[in-house]
Amino acid sequence: MRRFLLPLTVLALGCIVSAGGAGPADVPSPTASEFPFHHDHVIGTSLDLCVVAPNESTAEEAELTVLNEIERLRAIFSTYDAASEISKLNRSREPVKVSAEMADVLRAYESWQRKSGGAFNGQVGELVRVWKDGERTGRVPDALTLGRITGDLKKPGWEFDATGTTVKRLTDQPLNLNAIGKGYIIQQASDAVRKAHPTVSALLINLGGDILGWGTPPGGTGWAVGIQDPFRHFDNAAPLAALRLKNQAVATSGDYQRFYTINGKRYGHIFDPRTGHPAERATSATVVANDNVTANALATTLCVLKPEDGLKLIASVPGAECLIITPVGKQHQSAGLKLSEVAPTYIFTPQEKKDEPKGAAWPEGYQVTVAVELPKIDAKRYRKPYTAIWIEDEKGKAVRTLAVWGNAPKYLKDLKDWWKIGKGDADLVKAVTRATRGPGKYDLAWDGKDDKGNALAQGTYTVRVEVHREFGEHLRQSGKIECKDKPASVKFEKNAETAETVVEFKEAKKK
């Protein structure tokens, strides 16, 4: 049986609430089932949720509890909301009464700033701003500006009053608590589900790649999670490695998906508070810990520190393990990290080379990339659409399915065009029924092989995108792309369910 790995992706955003502190169920109820949910555009990213419950209605109530808790905490920590608690705090240098949640996260930042030797800091708001401005103006922030900011970052950013409920900011540097805030939100959402729904026996929350796995899914020994390859991070690419979570959290930070481009050079979005420059020591840092706040804080910190210093820090934190990947691809793994020896089969993993192509082969290193966006749609009854993306040859024969997204197999048949391909392959249907992550934008790659791993010849291929949304529309995009001896590209016009889709045939970027 094929198993589908939940891809662990990047987003920098660690120990306040333990994932296993309230007596998790080691063995799920024999009558419990797993119910998956997916939402896009949740605090700027995607939410994948798996609930192990006795019935669908309980699972849906748990889903609503998670969404409500995320929204409650978004109103505290979102710097994009002028009415949020953090925005109000950033507008004042006077003492401000703060919520217990804000106090928790600020205390966590104080702790990790000390443990990291200053490599982790909650006052990076102005650094973010000046580097964004640099991208807009085409100029790297000057040394004088960065020196002024980093001078402030060496000072305490705030102080609590004697009661611990009022905070006064001590510098002009605005707070940016994203590196811990998302992990804190995940922990709180999990606690809310376990408190409100005691029959829920296991839970997995994946918020933009930051993941909590509580309890045990039916028939398993833990939640299977894939670690994304930072050098091949397409949504349908095989993970670099796999691990299993049981009452644990995992987070990855890195510079390969979010960055600033200034004069053609990419600068990562994680900053070294000591220099003001983007951190460049790690392309990816993955941390497994006992809770999400710890995992998130360490993942960000490990991108800033030298790998050897990061490993020393990991060794000092009980329950923490890591995998650090440098820009040249060198891996640094902590001694206790247990990666799966045999990763479950991934449906879109390029398979072993079989038959030679019947015609001229693709130029070496070339691939087709497909950038698909499912935009945010304001609707009272919005459900994420079922989506299929596949390739056909010049005879109109389907040769490769790149992705199919949707929560329930029984509705895949509503993708009427793709269902003609998938209905005869039970494994294919089962394997693609988990939605993947992303804030509505997805990047896929096709290596020129068919679903059986045979290399196909040069030619003109058709890329098809089929979208069907409950309470929405059933629409299609398609276009031909020449896959021959030179680069080519094509764009599909947007429609009511899909933004412009960009398809390119080009040489893959080398590590």
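Here are some exercises on this predicted model, each with a worked solution.

Residues are numbered from 1 along each chain as its sequence is written. Because the model is predicted, local features need pLDDT of at least 70 and side-chain atom pairs count only at pLDDT 80 or more, while totals for chains, interfaces and linings use all residues, and side-chain values use heavy atoms, with hydrogens and water left out.

**Exercise 1. Two crossing helices**

Work out how helix 1 is oriented against helix 6, and which residues meet.

*Solution.*
Step 1: Find the helices. Helices are DSSP runs of H or I with at least four residues, strands are runs of E with at least two, and both are numbered from the N terminus. Helix 1 covers residues 56-77 and helix 6 covers residues 178-196.

Step 2: Look at the axes. Each axis is a line fitted to C-alpha atoms, for helices over the stretch in contact, and angles between N-to-C directions run from 0 to 180 degrees. Here the angle is about 140°, and the axes are 9 Å apart.

Step 3: Name the arrangement. Angles under 35 degrees count as roughly parallel, over 145 as roughly antiparallel, 65 to 115 as roughly perpendicular and the rest as oblique. Helix 1 is therefore oblique to helix 6.

Step 4: Give the hand. A crossing is right-handed if the near helix is turned clockwise from the far one by less than a right angle, and left-handed if anticlockwise. Helix 1 crosses helix 6 in the right-handed sense.

Step 5: List the contacts, meaning heavy atoms within 4.5 Å. From helix 1 come A62, T65, V66, E69, I70, R72, L73 and F77, and they meet Y184, I185, Q188, A189, A192 and V193 of helix 6.

Step 6: Sort them by class. Ala, Val, Leu, Ile, Met, Phe, Trp, Tyr, Cys and Pro count as nonpolar, Asp, Glu, Lys and Arg as charged, and the others, Gly among them, as polar. The contact of helix 1 with helix 6 has 10 nonpolar, 2 polar and 2 charged residues.

**Exercise 2. Try the method again**

Now describe how helix 4 and helix 5 are arranged.

*Solution.*
Step 1: The axes of helix 4 and helix 5 (residues 143-153) come within 10 Å and cross at roughly 165°.

Step 2: The two helices are therefore roughly antiparallel, and helix 4 passes helix 5 in a left-handed crossing.

Step 3: Helix 4 brings E126, L127, V130 and W131 to the contact, and helix 5 brings T145, L146, R148, I149 and L153. By class, the contact of helix 4 with helix 5 holds 6 nonpolar, 1 polar and 2 charged residues.

**Exercise 3. A pair of rings**

Decide how the rings of Y109 and F120 are arranged.

*Solution.*
Step 1: Rings of Phe, Tyr and Trp (its six-membered ring) pair if their centres lie within 6.5 Å; planes under 30 degrees apart count as stacked, over 60 as edge-to-face and the rest as tilted. The structure holds 10 aromatic pairs.

Step 2: The ring centres of Y109 and F120 are 4.9 Å apart and their planes stand at 15°, so the pair is stacked.

Step 3: Y109 sits in helix 3 (residues 100-115) and F120 in the loop between helix 3 and helix 4 (125-137), so the pair ties together parts that are 11 residues apart in sequence.

Step 4: Check the surroundings. Buried means under 20% relative accessible area, exposed over 50%, and partly exposed in between (1.4 Å probe, protein chains only). Both Y109 and F120 are buried.

Step 5: Elsewhere, ring pairs link W362, Y366, W446, Y461 and F505 into a cluster.

**Exercise 4. Positive phi**

Compare the settings of I43 and N247.

*Solution.*
Step 1: Recall that most residues other than glycine have a negative phi.

Step 2: I43 has a positive phi near 40° and is found in the loop between strand 2 (33-42) and strand 3 (45-53). Its relative accessibility is 31%, so I43 counts as partly exposed.

Step 3: N247 has a positive phi of about 60° and lies in the loop between strand 10 (241-245) and strand 11 (248-254). At 16% relative accessibility, N247 counts as buried.

**Exercise 5. Partners of a loop residue**

Is D272 buried or exposed, and which residues does D272 contact beyond four places in sequence?

*Solution.*
Step 1: D272 lies in the loop between strand 13 (265-268) and strand 14 (284-289).

Step 2: With 9% relative accessibility, D272 counts as buried.

Step 3: Leaving aside neighbours within four places in sequence, D272 is in contact with H277, A279 and V304.
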